[in-house]
Amino acid sequence: MTINLKNLLNPNIKISKMGDFQELKRIEGLSISAVSADLYGTGRDDLCLFYFKEGANYGAVYTNNSICSESITWNRKIRKSLIKALMVNTKNANTFTGIKGAQGLKEIAHS
């Protein structure tokens, strides 16, 4: 694996220049996909979906702040012991999106 520490520690680098990625062993029942929603305007991958074929246990820690994103409000309502998917985005893409953000989460969840 190649690691370029100059690029790793440079805060101005927007697209990874680290070289080869680590080879990971296959995890049965897990699929991972990353795409660009172009949140940064650079075309880099900024949205990732982890899909658990048989479901997965999860744990969560949330802020006590009175202002939180729709995704946190959504997650606090989940009462299931297993999840089928985990979506991760960069930045705070779902923060302060209001009703439209809540509707978007509902559409994603039902898809």
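Glycine 104 is partly exposed, with a relative accessible area of 26%, where buried means under 20% relative accessible area, exposed over 50% and partly exposed in between, computed with a 1.4 Å probe and protein chains only. The model is predicted, so that local features need pLDDT of at least 70 and side-chain atom pairs count only at pLDDT 80 or more, while totals for chains, interfaces and linings use all residues. Residues are numbered from 1 along each chain as its sequence is written, and side-chain values use heavy atoms, with hydrogens and water left out.

Glycine 104 belongs to helix α3, and its C-alpha atom is separated by 9.8 Å from that of serine 71, although the two residues are 33 apart along the chain. The chain has three helices and three strands, which follow one another from the N terminus as α-β-β-α-β-α; helices (H or I, at least four residues) and strands (E, at least two) are DSSP runs, numbered from the N terminus.

The strand pairings are set out below, two strands being paired if DSSP finds at least two bridges between them.

| Strand pair | Bridges and direction | Opposed residues |
|---|---|---|
| β1 (residues 30–35) and β2 | six bridges, antiparallel | valine 35 and leucine 47 |
| β2 and β3 | six bridges, antiparallel | leucine 49 and methionine 87 |

The largest pocket holds about 1,300 Å³ of space. Of the 36 residues in its lining, Trp74, Asn75, Ala85, Leu86 and Met87 are the closest to the centre. Two or more lining residues come from each of β2 (47–56), α2 (70–76), β3 (83–89) and α3 (98–110), and β3 gives the most, with seven residues. A pocket is here an open set of points on a 1 Å grid over the protein atoms alone, where a 1.4 Å probe fits and protein lies on both sides within 12 Å along at least five of seven lines, and lining residues have an atom within 4 Å of a point; the volume is the space filled by probe spheres set on the points.

By type, the lining divides into 22 nonpolar, ten polar and four charged residues, with Ala, Val, Leu, Ile, Met, Phe, Trp, Tyr, Cys and Pro counted as nonpolar, Asp, Glu, Lys and Arg as charged, and the others, Gly among them, as polar.

For the chain as a whole, buried residues make up 10% of the 111 residues. Among contacts (heavy atoms within 4.5 Å) between residues at least 6 apart in sequence, 54% join residues at least 24 apart.
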